[in-house]
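This report goes through a single protein chain residue by residue. The sequence and the coordinates come first, and the commentary follows.

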Amino acid sequence: MVHIRVASPPIKFPCYMGINIPTKEELIANKPEFKDIAGYIGADSVEYLTVEGLVSAVREGITSFQQKNNSRKSVGYCTACLTGKYPVELEW
């Protein structure tokens, strides 16, 4: 038996924040064969880390950072390419 565990959620949406992924169609997570990716690659199962699991892992021990004026600001991460929820409104 072959079980694949991926340490990232699947990337399903274009990234306009730094990675050059202009369309959803370029991403395997949006292709029909992704629905049965285990069968497509010959594995018995494939599981991905959840978005919540990823955010929890990268935030471990980090609550805020110091700014010049000694105020604290929450640390955040962009997950738009995973969720489709962009941190800013996109204007085209």
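A polar contact is a pair of N or O atoms within 3.5 Å; within protein, one of the two must be able to donate a hydrogen and the other to accept it, and residues adjacent in sequence count only if both atoms are side-chain atoms. The model is a predicted one, in which local features need pLDDT of at least 70 and side-chain atom pairs count only at pLDDT 80 or more, while totals for chains, interfaces and linings use all residues. Residues are numbered from 1 along each chain as its sequence is written, and side-chain values use heavy atoms, with hydrogens and water left out.

**Overall make-up**

The protein has three helices and four strands, arranged from the N terminus as β-α-β-α-β-β-α. Helices (H or I, at least four residues) and strands (E, at least two) are DSSP runs, numbered from the N terminus. Of the 92 residues, 22% are buried; buried means under 20% relative accessible area, exposed over 50%, and partly exposed in between (1.4 Å probe, protein chains only). The accessible surface comes to about 7,000 Å², and carbon and sulfur atoms hold 54% of it. These areas come from the Shrake-Rupley method with a 1.4 Å probe, and for residues only the protein chains shown count as cover. Contact means heavy atoms within 4.5 Å. Among contacts with a separation of 6 or more, 52% join residues 24 or more positions apart.

**Asp44 and Ser45**

Asp44 sits in the loop between H1 and S2, and Ser45 belongs to strand S2 (residues 45–48). Asp44 counts as partly exposed because its relative accessibility is 45%, whereas Ser45 is buried because its relative accessible area is 15%. The side chain of Ser45 makes a polar contact with the side chain of Arg5 at 3.1 Å. Outside its neighbours within four places in sequence, Ser45 is in contact with Val2, His3, Ile4, Arg5 and Ala38. With neighbours within four places again left aside, Asp44 contacts Met1, Val2, His3 and Ala38. A polar atom of the Asp44 side chain lies 2.6 Å from the backbone nitrogen of Val2. The C-alpha atoms of Asp44 and Val2 are 5.3 Å apart, although 42 residues separate them along the chain.

**Tyr86 and the surface patch**

Tyr86 lies in the segment after helix H3 (80–83) and is partly exposed, at a relative accessible area of 23%. Which residues does Tyr86 touch, not counting residues up to four places away in sequence? They are Phe13, Pro14, Tyr16, Met17 and Ala80. The side chain of Tyr86 also reaches the backbone oxygen of Pro14 at 2.7 Å.

Met17 lies in the loop between strand S1 (3–6) and helix H1 (37–41). The C-alpha atoms of Tyr86 and Met17 are separated by 8.9 Å, with their positions 69 residues apart along the chain. Met17 is partly exposed, since its relative accessible area is 38%. Tyr16, Met17 and Val88 form a nonpolar patch on the surface, with about 260 Å² of accessible area together. Patches are made of residues with over 30% relative accessible area and no salt bridge (a side-chain nitrogen of Lys or Arg within 4 Å of a carboxyl oxygen of Asp or Glu). Like charges are joined within 9 Å, and nonpolar side chains (Val, Leu, Ile, Met, Phe, Trp, Tyr) within 5 Å.

**Cysteines**

A disulfide is a covalent bond between the sulfur atoms of two cysteines. It is assigned to a pair of cysteine sulfur atoms within 2.5 Å. By this rule the count is zero. The table gives two of the cysteines, neither in a disulfide.

| Cysteine | Nearest cysteine sulfur | Distance |
|---|---|---|
| Cys15 | Cys81 | 5.5 Å |
| Cys78 | Cys15 | 6.2 Å |

Cys15 is buried, with a relative accessible area of 13%, while Cys78 is partly exposed at 45% relative accessibility.

**Two further buried residues**

Ala29 lies in the loop between S1 and H1 and is buried, at a relative accessible area of 5%. Ala29 and Ile11 are 18 residues apart in sequence and 6.4 Å apart in space, C-alpha to C-alpha. Beyond its neighbours within four places in sequence, Ala29 is in contact with Pro10, Ile11, Lys12 and Phe34.

Thr79 is in the loop between strand S4 (72–74) and H3 and counts as buried at 16% relative accessibility. Leaving out neighbours within four places, Thr79 contacts Val51, Val55 and Gly84.
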